[in-house]
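Dear colleague,

Please find below the structure that I agreed to pass on to you. My notes on what was found in it follow directly after.

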Amino acid sequence: MTNLSRRDFFGKTTVGIGAGLAFSNSWARVLAPKKFSKAEADVFIELKALKKNLEILSGKKTTFWSYSGKLIKGPSHTLTSLAGGYLGPTIEVKTGDRVKIIFKNAVDEKSIVHWHGLDVSHENDGHPHFAVESGKSYEYDFEVVNRAGMYWYHPHPHGRTGFQVYQGMAGLFVVRDREEAILNLPSGEFEKRFVIQDRLFKESGELDYRPSMMGAFGDTLMINGEKKPEVIKVKRGTYRFRFLNGCNARIFNLALSSKDSFTQIGSDGGLLEKPVNLKRFYYGPAERFDCLMDFSKFSVGETVELEGLPLVEGRGEKYTVLKFEIVEGKASIFEAPTTLSHYDIIPEAEAVNAGNPKKFELIPKRGVGWTISGRAYTHNEFHEDEVIKFGDTEVWEFYNPTGMPHPMHVHGTQFQILKREVGRLDGCLNEGWKDVVLVMPGDRIQVLKRFNTFKGLFIYHCHNLEHEDMSMMRNYKIL
Ligand SMILES: [Cu+2]
């Protein structure tokens, strides 16, 4: 077991605290939620959950559950579709935008939309108790207070999230801001987004959802809602690749076939303070990974693969997640700046329970399935240690005594990882603002979180969606 302090682990000092203040506006307190009229909204979207019959496998039709979007107000780039795939439209807004979304449920069962990673009020968060029946709608009005980053949306009805996401319900929610814009990161064709998912299909072409204690897996990798392309053509320049692990349960162990490092520039909650080089990393459900990839050193015709290594060395074969082929074409080289963003490190001393974290054990319970600390989920119930005073910062500790990884997601504000005692497997993503932390077998992880934007009832849960659906989900209440 290693026990690294945050300073050792991240190799950084607390210098960033003061520097971050000028940019901390997006984390300031937000007033009580209010409904926006169409005139007051910067962006107004109708988002409909519906079935789509698509030919994703050649010669076969598959019935997906998905979203379709209609832009009622806002710039035309607000809604873009991922051509051909089953995913919902990508929503793109900027920090400060007032967003109004009418969700219409036209699938066969209850659903509700959660804006994963966005800091919104209880009423706008897609809490499972807000799930609406088929034929009904739900109205969202929120101001985007998050920094630039790649967030996403997916359903959140209790007990059915895994099924509905597996059927195809998910989409990206991209936030832009000025701090990111002035970096002039690779954009247009040089900014690529990859939603990675795995699916199992029946002979007929229909999806084969098989939930278990391990989660639901597939033998076919899907990229952006389509069957994985054979190759992705890239030019001899620098690209910004933004990944979402959109799988229900699959954890990747990613590396590059060229043995190069990834240059990570962003995490779940946007840009890091400085670029970080990673040779390989474990990549869990719902985590986002933003990186720069420089293909200029390769010759035209060469290929580089994003490889999925076995989770445990020597146990299993490596496989290709994506294959890039270098082609002719105009491209430029982008040098990552030494400072990406003014990053506000939460000091441990800010926590009201510094040195005495709230402890949550990720454990199974007989007759229930996976739980957090042996407690099952019910819609409105919370324990006294799940009550937080508005404005407080707290340290939470997740301990995983089991042999299964648990990607833990906490709704509300983004958090920071204070400390990770590595159990059996090292190499998870710890940098930056996070909303999911992958808790590998034996890991004991402390996170720092500010509960300073909205009062109300929120949830935290395992983002292995089958674990979540079983009962690995709990409420917390900010009073
Ligand atoms: Cu889990």
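In this predicted model, strand β14 (residues 232-235) runs parallel to strand β22 (residues 319-327), and four bridges join the two. K233 has E325 as its bridge partner in β22. Strand β22 is also joined to strand β21 (residues 303-308), here by six bridges and in the antiparallel sense. Within that pairing, V304 is matched with F324 of β22.

A further set of pairings involves strand β20 (residues 288-294). Strand β15 (residues 238-245) pairs with β20 over seven bridges, antiparallel, and L244 is the residue that stands opposite R288. Strand β17 (residues 262-267) likewise runs antiparallel to β20, with three bridges between them; there, C291 of β20 is the bridge partner of Q264. Six of the seven residues of β20 are buried, so the strand is largely enclosed by the rest of the structure.

With regard to overall organisation, the domain assignment divides the protein chain into domain 1 (2-28 + 348-478), domain 2 (43-181) and domain 3 (188-327). Domain 1 is thus made up of two segments of the chain. The C-alpha centres of domain 1 and domain 2 are 25 Å apart. At the interface of these two domains, 29 residues of domain 1 are in contact with 29 residues of domain 2. About 2200 Å² is buried between domain 1 and domain 2, and carbon and sulfur atoms account for 58% of that area.

One open sheet deserves a separate description. Its five strands are arranged in the order β4-β5-β10-β9-β7, and the pairing is mixed. Strands β4 (79-80) and β7 (113-116) stand at the edges with a single partner strand each, so one side of each has no neighbour in the sheet. Strand β4 is antiparallel to β5 and joined to it by two bridges, with T80 standing opposite T90 in β5.

Two residues of this sheet were examined individually. The first to be described is E92, which is found in strand β5 (residues 90-94). Its relative accessibility is 16%, and E92 counts as buried because this value is under the 20% cut-off. The side chain of E92 forms a polar contact with the side chain of R193, at 3.3 Å. Apart from neighbours within four places in sequence, the residues in contact with E92 are H77, T78, V174, R176 and R193.

The other residue is V113, placed in strand β7. Although β7 is an edge strand, V113 has a relative accessibility of 0% and therefore counts as buried. Not counting residues up to four places away in sequence, V113 touches Y67, F103, D125, G126, Y140, Y153 and H154. The C-alpha atoms of V113 and P89 are separated by 14 Å, the two residues being 24 apart along the chain.

The model also contains a copper ion. Which atoms coordinate the copper ion? The donors are ND1 of H406, SG of C462 and ND1 of H467, at 2.0 to 2.1 Å. Along the chain, these donors follow the spacing H-x55-C-x4-H. Both C462 and H467 are buried.

Finally, I draw your attention to N380, in the loop between β24 (369-372) and β25 (387-388). Is N380 buried or partly exposed? At 48% relative accessibility, N380 counts as partly exposed, because the value falls between the 20% and 50% cut-offs. The side chain of N380 makes a polar contact with the side chain of H129, at 2.8 Å. When neighbours within four places in sequence are left aside, N380 is in contact with H129, L457 and N475. N380 and R474 are 94 residues apart in sequence, yet their C-alpha atoms are 9.3 Å apart in space.

With kind regards

Definitions and conventions:
Residues numbered from 1 in each chain as written. Predicted model: local features only at pLDDT ≥ 70, side-chain atom pairs only at ≥ 80, totals over all residues. Heavy atoms only, no water. Buried < 20%, exposed > 50% of the residue type's maximum accessible area, 1.4 Å probe, protein only. Polar contact = N/O pair within 3.5 Å; in protein donor to acceptor, adjacent residues only side chain to side chain. Contact = heavy atoms within 4.5 Å. Donors = N, O, S within 2.8 Å, 3.2 Å for Na, K, Ca; no water. Pairing = 2+ DSSP bridges. Domains from an automatic or database assignment. Buried area = accessible area lost by both parts, 1.4 Å probe.
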